[in-house]
Amino acid sequence: MKRKKCLFSFILALLASIPTLVSADIVTGKVVDDKTGEPLAMASVQIVCKRGESTYWNSTTTDSLGNFSNRCYAEGRMTVTVSLLGYHSTKKRAYCGSGTTADTIKLGEFRLKPSDVVLDEVLVSAKAKRFTIQGDTIVFNPAAFKLTEGARLKELIEKLPGVTKRDGKLYWNNKPLRLQMNGRDIFGGSGIVADLPAEAVQNIKSYNKASDFAKHSGKDDGKEDQVLDIKIKASFMDKWYGDIKARVQSPKNYQASISSSKLSDKNPIMFHLDANNINQYQKVGTNWWENGDFDYFGKAQNAALGYQHNFTALEKETNYIAFTSNFNHKDGWGTDYEAAQYFSPNNITTWSLDRKKHYNHEIAPEVRADLVSYTDKKNFLGVNLTFNYKLERNNTETGSARFDTDTKPYGDFPLDLALSAGHGDAVYRHIINRERSYQQRINEGGEMQLYALWRHFIGKKAQLEINTTLSYGNGNNRFDAHRELEYISKGTASPLYQYSRAPYHNIEANGKVTLEYHINDALLLKASQKFKAGNNTIRQSFYSSSIASKIENDPASVLDAANSYRSKQHETNTTSSVGLAYKVGNWQFIPKIDFNLNREELNYQRGRLDTVAHRNSNTWTPEMLIKWKINKSNRFDFAFNYTTKLPELLSTLGYRDDTDPFWIVEGNPFLQRSHQHTTSLNYVATLGKQQAMFLFKVGYTHIINPIATVYDFDSQTGVYRSHSENVRSGNDWFAELTFDKSFGDYIHFSNKAEAHFKKSYGYLAAFNEHTAQEQNQLKMFTFTSNPELSYESDWLQTSLFGEIDLQRNRYSLASQYNNTPIRYAYGLRTTVKWKGWEISSEIKDKATTGYLAQELNRHRILWEGYIRYVWKKSKSWIGLSFDDILNQNRNYSLDVNSSSRTEKWNEIQHHYVSLTFNYHFDAKGKKNKE
């Protein structure tokens with residue numbers, strides 16, 4: 001039997017896949033002089049396609065006869081703008097739809113009216129050729145593009161014919177652009193070069209850079225990169241460029257940062273410094289950048305330094321070795337609020353209120369080394385080695401109370417009232433238990449990770465690739481708590497002191513072997529196999545006592561054996577995948593299947609439990625996608641997928657965790673795997689004459705043996721015990737409708753509506769664990785919609801928008817808990833652009849109803865805006881922004897299932913004014929050296 005399984009996995013790994021082909025609509029038109037009718041050559045044609053929040057940007061130029069033709073890979077409302085030096089620009093609008101076959105969208109003539117005033121923002125020059133063609137390479141001449149004084153390189157790139165911009169990223173014919181400088185990848189990321197002065201560019205080359213395998217075999221494998229190779233003038237090299245940014249924000253917030261890089265073909269260097277208390281962090285690598293919020297409120301300091309040495313071993317191939325380091329220090333804080341309702345049979349329910357204040361401190365240095373080397377014409381080697389260390393300290397102060405009645409009569413969030421209540425107070429007799437706790441967690445550890453890739457060419461037709469990752473981690477997690485517990489129903493109270501330390505170490509190795517073989521020009525054989533093996537060991541010692549001094553002076557006497565454990569887990573995994581893409585006529589078939597073999601062993605000792613658990617499993621993940629393009633205006637897509645989810649191995653053991661005395665968690669040895677399959681049908685209609693697009697999607701999801709949390713409740717103490725359990729199968733019927741239409745050149749309407757009909761099951765909280773429980777059915781209907789009506793011109797964009805999120809919940813065994821929470825909003829958004837100024841404002845009414853917490857059931861008027869000015873040379877800009885002017889914003893969420901309903905919210909950084917100044921410094925080239 002084992003031999004059959006191994007043979008079957010091997011056969012799966014050797015099956016072939018045919019690369020899918022990408023098609024797109026073709027947009028055509030002709031540009032002529034409005035008075036004479038003569039064709040206009042070298043006119044700039046700009047194509048912008050919008051669908052929802054996504055934007056696709058593209059450009060081209062007319063030929064000597066005034067004609068243009070360009071591909072549109074996006075799907076949505078398209079605006080085509082034509083402009084030429086000495087003429088007024090003109091626009092036309094249409095709809096573009098992508099699919100398995102290409103259609104032609106004919107826009108006819110664009111008649112440009114002559115202008116007496118030469119436009120400031122022209123995109124062409126009549127004195128110089130914009131580009132020349134050298135073989136398969138297009139060479140652009142920057143001097144032929146009319147740019148604003150002091151323009152950055154990114155402005156020039158966006159004006160190159162054929163370049164597209166979508167969601168803030170650059171593309172060429174729907175392929176991501178790979179920016180290079182002087183034939184090499186850019187150290188520190190493409191953003192460094194993008195902010196260079198445009199005058200630093202000697203020329204720009206655009207070409208397809210084939211994969212190493214394609215260059216070796218001479219056959220296309222569909223993996224080429226579209227490269228934009230920027231040649232920098234020699235006088236601008238080996239100099240420093242960067243940005244200095246300063247920001248002040250009310251009431252006492254700040255940000256100061258400097259980022260700088262030395263451009264060099266041989267030894268580039270970069271460094272970044274940032275300090276702020278506006279809850280922003282950043283992490284920088286040789287060719288990547290991370291940044292964003294890290295808490296509700298926070299302050300952070302970051303320093304990064306990088307160095308790279310480039311050397312050439314083979315002709316046209318660059319090798320390098322690079323070193324980067326990051327140091328991050330973060331301090332974050334905030335408060336979480338929670339209101340929950342837990343359902344039980346016989347109309348019995350409990351309510352709880354929780355508030356948790358936290359303060360997090362983190363120090364995280366990291367060092368990384370990279371090596372890229374072409375050792376000879378047949379072998380490539382890439383190695384990455386990373387060392388990191390992290391120290392986290394988390395302090396929390398928690399207050400919570402559980403009630404036998406709704407808390408609304410006692411206020412919006414009467415937690416402080418409940419925590420201070422005594423005998424004789426109205427709320428006191430409804431309190432089941434309450435807790436005040438002070439906790440600290442200290443997590444300290446380090447990790448080393450080694451990644452290596454070796455690629456070898458076999459003859460002219462085959463390529464073997466092996467990659468592997470080895471990682472090792474070691475550390476210690478410590479926990480310290482002081483809890484004040486009160487069991488009001490029983491009339492008892494006691495302090496509880498806890499301490500634990502859990503040293504750990506883990507090691508993991510994984511790898512992948514891939515073999516590619518060209519059978520012929522149209523068929524590529526691809527075989528791959530993934531492997532993974534890991535060990536994870538944790539040893540937790542847990543101590544608890546009602547007397548603090550005992551933990552400090554005599555810990556052995558207060559060892560809590562029931563919550564001390566030793567865990568050693570070993571796991572091995574192999575995965576085989578096969579996929580196929582087959583296209584015939586207007587049909588495309590894309591099947592895929594994964595086969596996974598998993599072996600787990602868990603040696604676990606906790607209290608009286610001492611066991612070794614084994615689990616051997618295999619899972620299948622089939623997928624199928626069928627596309628049918630009926631004609632250029634109509635398309636159907638059919639999709640199916642099936643997945644299997646295994647429960648965590650620890651949750652299948654009979655363990656018990658009561659480190660939180662009010663919430664006890666137990667395992668379930670009878671827990672089984674769950675499955676899910678989804679089927680959907682998608683219809684797309686693009687109506688060019690009506691300037692409209694219609695998308696309709698319906699589908700069905702079936703969940704087999706889903707896993708839910710089951711609660712047992714002690715009404716005397718208010719203690720909940722929980723464990724996971726498989727429940728009856730559920731389903732989700734869903735439908736989506738998207739409508740997008742333009743009315744002329746400037747007015748546009750769009751809306752996406754989505755509805756779900758869900759059915760799921762769970763258990764009501766039990767008072768007697770020996771009594772058979774009946775599953776509670778939850779029928780949930782959700783509906784969301786976000787209509788928007790907008791006006792868009794060159795200097796003014798304004799829109800009226802709305803959104804609604806409705807959720808209707810109905811229970812079979814607890815109809816008294818039925819609820820219908822609703823969130824909705826409507827507002828006005830406006831942006832005005834004039835010369836170097838940009839002014840924006842957004843105001844909306846955001847409202848909620850049907851929530852447990854009365855604090856959430858209200859209207860909130862949210863208003864924000866900004867004013868920004870950019871200097872002509874584009875070296876500096878200054879901006880003034882206003883956030884939540886009326887001080888109304890809150891973050892909140894809702895979770896509803898068959899057993900409970902939980903609402904959460906928290907304070908966030910809002911209601912402030914900020915002033916930001918940014919200065920870009922760069923080198924000046926020496927003209928006599930050009």
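User: What makes Asp660 count as partly exposed in this model?

Analyst: In this predicted model, Asp660 has a relative accessibility of 24%. Buried means under 20% and exposed means over 50%, with partly exposed in between, so Asp660 is called partly exposed at its 24%.

User: Why is Arg483 called buried?

Analyst: The relative accessibility of Arg483 is 5%, and the cut-off for buried is under 20%, so Arg483 counts as buried.

User: How do you know that Asp660 and Arg483 form a salt bridge?

Analyst: The closest N and O atoms of Asp660 and Arg483 are 3.8 Å apart, and a salt bridge asks for a side-chain nitrogen of Lys or Arg within 4 Å of a carboxyl oxygen of Asp or Glu, so the pair meets the rule. The pair also links distant parts of the chain, since Asp660 is in strand β34 (residues 656–660) and Arg483 is in strand β26, 177 residues apart.

User: Why can such side chains pair at all?

Analyst: Side chains of opposite charge can pair when their charged atoms come close.

User: What makes the contact between Glu465 and Arg455 a salt bridge, and where do the two residues lie?

Analyst: Their closest N and O atoms are 3.1 Å apart, which is within the 4 Å of the rule. Glu465 lies in strand β26 (residues 462–487) and Arg455 in strand β25 (residues 431–458), ten residues apart. Both Glu465 and Arg455 are buried.

User: Asp370 forms a salt bridge with Arg368; why is Asp370 called buried, and why is Arg368 called partly exposed?

Analyst: Asp370 has a relative accessible area of 10%, and buried means under 20%, so Asp370 is buried. Arg368 stands at 23%, and values between 20% and 50% are called partly exposed, so that is the term for Arg368. The closest N and O atoms of this pair are 3.1 Å apart.

User: How many salt bridges does this rule give?

Analyst: By this rule the count comes to 23 salt bridges.

User: Why is Ile861 called partly exposed, and which strand holds this residue?

Analyst: Ile861, which lies in strand β47, has a relative accessible area of 33%; partly exposed covers the range between 20% and 50%, so the term applies to Ile861. Ile861 is also one of the residues that form a nonpolar patch on the surface, together with others including Phe743, Tyr791 and Trp863, and the whole patch has about 930 Å² of accessible area.

User: Which strands each supply at least two residues of the nonpolar patch?

Analyst: They are β43 (788–792) and β47 (859–870).

Technical notes: Residues numbered from 1 in each chain as written. Predicted model: local features only at pLDDT ≥ 70, side-chain atom pairs only at ≥ 80, totals over all residues. Heavy atoms only, no water. Patch = residues over 30% accessible without salt bridge, like charges linked within 9 Å, V, L, I, M, F, W, Y side chains within 5 Å. Areas by Shrake-Rupley, 256 points an atom, 1.4 Å probe, with all protein chains shown as cover. Helix = DSSP H or I, 4+ residues; strand = E, 2+ residues; numbered from the N terminus. Buried < 20%, exposed > 50% of the residue type's maximum accessible area, 1.4 Å probe, protein only.
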